[in-house]
Structures are given as structure tokens and as C-alpha cells.
Amino acid sequence: MRTTGCLDKRRRRQHRRSVVCGAAAAAILWQLRVQEGDALALLHGRRGTVTARRCGVEPAERYPAFNFAEEVQVEVGTWSGVEQSGSFRKVGKAGICRVYRLARVLDTPEVGEVLRHVKRSERYTTDADSVDSRPSFEYYPFQNGRWQDEGLREILHCFVEDRLMPYVRERYACDTCALADILVRRYVPGERRTHRVHFDGHAFATAVLGVSDPADYEGGLFVQPGPDVASAASLQIDPGDLVVHSFDLQHGVRVLGGERYSVVFWIKDTSRSVADGTVPWHEKLAEQGDADALFNLATHYEHGTYGKQQDPLRAIELYERSATLGHHFAQNNVAIMYRSAHMSNPDLISGALGRSAMWFEKAAEAGFALAQKNYAEAFAGGLGVEMNMTRAVAWMRRAAEQHDLEAEFVMGESCRLGRGVELDMMEAVRWYQASAEAGFPKAQYALGVLFCAGTSGVARDMEMGGVRWRTGCNVQAHRATLRQNTIWPPSSCSVMRLTEQFPCGRTLPRLESRLRSVGWACATSSVFVWCRVRERLESGFRNPLLKATSKQHYRCKSSSLRCDVASDIRRARFPLI
Ligand SMILES: O=C(O)CCC(=O)C(=O)O
Ligand SMILES: [Fe+2]
């Protein structure tokens, strides 16, 4: 059983010793409730040990400002002012893609009221986000055409009726346009800081109202015309400004520091589309061969959403057409569909795995971070390409270098475990920290465990570990993402499901081979899950009593996810042995 990658035997022994004694010492410390600065913490401060402070994240680079090259004077309802706009050409699209900005469309006192209101609100949820499945930290004051938040209605109602809607109707020559939803998002330290690039395909037009002062945060909303982050440009939105775009704009959010709140308006073509939850505009454009529209339509057939019956083969056909026009999202999605088809039944579509790898490669080579992660996984698992951990890590690194939070986390895991790359705790903590700072719960959790435990070459630091990364909010966020499927290493969820499928000792070899087939040999997932897997593999099945207690113990853990440090230490040990 290969668990430590390229570590040689002697280093492995030393490593094991430091892990075990570190874990025991930290457990005692915890029981005595001794805080930072005590004698045993000094023991861990040996040369070569990573400390929280020595390992600060380098300042993330900012994107250049988007060029609003044109300006015209406009009059809309009760408001008149300047409309700025900028444009670019896109692959697979006949026309150009445009972004508009209206300066100071809402007065300073009104904006102040909005900000105070949304800051006070207790409605933010940590439900999975529709774009990345991470805790959303959002709420809907207006949903499916109806106000839900009376307080915000009082402040924004006139703005919506007299300025926003008249402007959008005129700008997009759409008299029947109707407001579908208003979404408030919160980006604060320790929570969500980013939104990976996406299209608002469910909205005919999107408007983002600036409410936070750019002096209070760094970064923010950005556009990314191409697959690679190199094409990204940031959109400055002052309080009261309104940025407006349509479903063809690829954009994302990246807050590098401070606090940002945003109010997002999603507008549809008719009140009928609002009422029945459909998005008919993609249909017409898809007939004209528009790559974005083909992609959007494909996602509806893939998931059976927006009024479409689920039809995977139709989805693949539409994705293929869009992918052939160069749409990187379509290339990535069709590759995922081919891979899933192969996994469920290798005879379903001939050559599916090869086609999957081919499309992943195309999008990854074009610079699309999501596809780079998936292509990395293909190499890690030998899915349509020869298994090769070095190439897997190389692609994962390219995605991580584009600030993909999951890729940064996986790089942390790879460096910590020495899988496909030299074991390097300093590097591991650096990657974890980049991901954790931007709000990726698994990285926050991993850092919390490492610093609390003070094991495996990381100096124990209760301030960084215990307080900074192990707050209730992070634990809650981690719980929300535990169900989420991360790609590589195999997700907590998929491994947990696999272990459930092999409930008795007789099937252990089968369990092991299944785990290997999802990349188990070269990766690890949540330490908690690994602990459970190893319990089963190593002792539980041989001892019926132990089996019962450990099962009960971990079932209880999984339902409450109590994060007491002593058990974290035990968990943290497992993947390292
Ligand atoms: O927060 C923002 O400025 C935009 C968020 C966004 O793009 C979205 O929710 O779809
Ligand atoms: Fe969006």
C-alpha cells in the first residue's frame, strides 16, 4: 500500500516519529488547556518547522482595470447621467460582448441606507452556491418576482421602478423585461471571498449595484473574456454605480482584502419567464449557432432545468457543437459528461473516455482552470490518458496559479503528502493559506488542524490554528462542503459513499481496488474520512467489538462534526503514516 509517495524509508521513519510524538504532546497540552507560548510549543519551534507567522501569503496580484472606452449622456425615467461602456470580441460569437456602467445612479444617503440594511440582515445562508457548491453567504430580498424583505423594498422600490427597469428595457430593446430576483452577497474575511468565473445564463440581463466603498475592500467584480485569467480585468464600482451586462459576459468576483457587499439584480425577458422559471432567449440564439446559447441550452438538457426534460444525449450533442466553436465551458462540460457516461457503463458511448480526455486537454491548453483541474484528475486516475502523477500535479499547479481555490487546496494536500511532488510542509502551508484566505473551507479546516495539532513539521499555534481558522463559521462552512464533490483527491463524499458500499470485511480487497480506481493511492481527502477508512481497513473488521465502537464513534462524528482538537490530532495523523 503506497501512502507516502516519494519519501524514502529513512525519511518516512523520521517523519512518522515526529508526527506521533507531536500528536501525543499536543493532545496532553490540549487536555491541560495550555495556551500558546508554553514549553512544548517551543519544542515544536525547531529549525525547519513551519510557523504560522513565517508563512504569510504573498500579496495576490490585482487585475488591470477594465477599459470603459465610450461615454454617452443618457436620460432614464427620473435620472440622467453618464453611461460608460466597454466591449470585446468573443470566440464563437457573431457580435460583440458589452458591459455598461452608470455612475451614481443611486444617491449617497440611499446607498448608505442599503448598506446599513444588508449589513444588519441575518438572512444570509450557507447553502451550497449554484456556481461552485460552496457556502453561498447570500440572501434573496426579492425572489421569483416578489419582495421578501420589506425593509429593503422600502429603500429600493422606487429605484427599481423608476431607474433600473426603464434603463434595462431601453438598453436591451426589451419592453417586456421584468425583474426576477435580487440577490445580496457578502464577502467578508473568513467566509467567501471569491466567485469563480461563470455566466449568468439564467438572467437576460444582470445589474450589480455598488454599495460598499472600494476604499473598504480590494479587488471585487471582474470580467474575463477568455478562458485564461490573463484576460481578466477588474470593474471598479463606486457606491451608487450600476454595472449592467447580459448573459454572454463571463465574470467572477475576487476580493483580496476588506469587506464587500453587493446587490445583484437578475432580469428576465418577460414576466412569463419569471413566473414559469424558463429562459427562452437561448433557444433562438442557439438556432443561429451562438456558442454561448448552445452551451446554456446544453446545461438545461444535462440537468433537466429551466423547463427542459433531462436528456443527456441531446446535452452532449449541443455541448459538442458549442465546444467545436471553441467554447471552453462547453469543452469542459462535455468532457465531464463523456467521463460520467464511461463510468456508469463503458459500452454506452464508444470511445467516451478518450473523447473526455481530448476535450479536457483542449480547454486546459486554452488556459481554462476548471478543465486544468479535471485534466489533472484524468492523469491522477489514468482516465483516458496514462496515469502520471507528475503530469497530474503539473496541471493542478497551473489551475492553482490561476487562483482556483480548490486547486490551491489540492496543491497543499499534494505537498503535505509528497504525492506527485516533493514533500514540502512550507509549500503545503503556503498553498493552504492562499486557498483559506480566499474562503475555501477545506483549506481553512486543514490549516486549523495543522496549527492546532502542531504536528508533522508545523509549529503549534493556537492563535492561528485555533482562533483564526477554527471559528464556528469555518466549521459550519466545512460541514456544508463536506457533502460537496471535489474532484481530486476523491471527495470526502465519494469516499464515504464507497466505504458504505463495502460494509463488511470480506469485501475489503474490492473496496481497496475501488478506492485505487478513484485515485486513492495518490491522494487523500478529508482527514476525517481517511481516518475512518483506515480504521476499517486496519483493525475494525478484524475485531467485531472495535468495529462496532468505531462505527458508532464516527457516525456520531459525521452527524455533529464536533471539532475537538484531540480527535483532529488523531485524524491528522492518518494520511501521514
Ligand atoms: O457580487 C457580485 O458583484 C456579483 C456576483 C455574481 O456574479 C453572481 O452572483 O452571479
Ligand atoms: Fe454572476
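**Iron site and salt bridges in the predicted model**

The iron ion (ligand 2) takes its protein donors from His198 (NE2), Asp200 (OD) and His251 (NE2), at 2.1 to 2.2 Å; donors are N, O and S atoms within 2.8 Å of the metal (3.2 Å for Na, K and Ca), and water is not among the atoms, so sites may look incomplete. Along the sequence, the donor residues of this iron ion follow the spacing H-x1-D-x50-H. Both histidine 198 and aspartate 200 are buried, where buried means under 20% relative accessible area, exposed over 50%, and partly exposed in between (1.4 Å probe, protein chains only).

A word on conventions is helpful here. The model is predicted, local features need pLDDT of at least 70, side-chain atom pairs count only at pLDDT 80 or more, and totals for chains, interfaces and linings use all residues. Residues are numbered from 1 along each chain as its sequence is written, chains are lettered from A and ligands numbered from 1 in the order in which they are written, and side-chain values use heavy atoms, with hydrogens and water left out.

Turning to charged pairs, a search of the whole structure gives 14 salt bridges, each defined as a side-chain nitrogen of Lys or Arg within 4 Å of a carboxyl oxygen of Asp or Glu. Side chains of opposite charge can pair when their charged atoms come close.

One of these bridges joins aspartate 292 to lysine 90, with 2.6 Å between the closest N and O atoms. Aspartate 292 sits in helix α7 (residues 291-303) and lysine 90 in the loop between β2 and β3 (96-102), so the pair ties together parts 202 residues apart in sequence; helices (H or I, at least four residues) and strands (E, at least two) are DSSP runs, numbered from the N terminus. Both partners are buried: aspartate 292 has a relative accessible area of 2%, and lysine 90 one of 14%.

Glutamate 83 and arginine 171 also meet through their side chains, at 3.0 Å from N to O. This salt bridge links strand β2 (residues 79-89), which holds glutamate 83, with helix α4 (residues 150-171), which holds arginine 171, across 88 residues. Here glutamate 83 is buried at 3% relative accessibility, while arginine 171 is partly exposed at 30%.

A further salt bridge pairs glutamate 218 with arginine 62, the closest N and O atoms lying 2.7 Å apart. It connects strand β9 (residues 217-223), home of glutamate 218, to the loop between α2 (39-44) and β1 (70-76), where arginine 62 is found, 156 residues away. Glutamate 218 is partly exposed, at 33% relative accessible area, whereas arginine 62 is exposed, at 59%.
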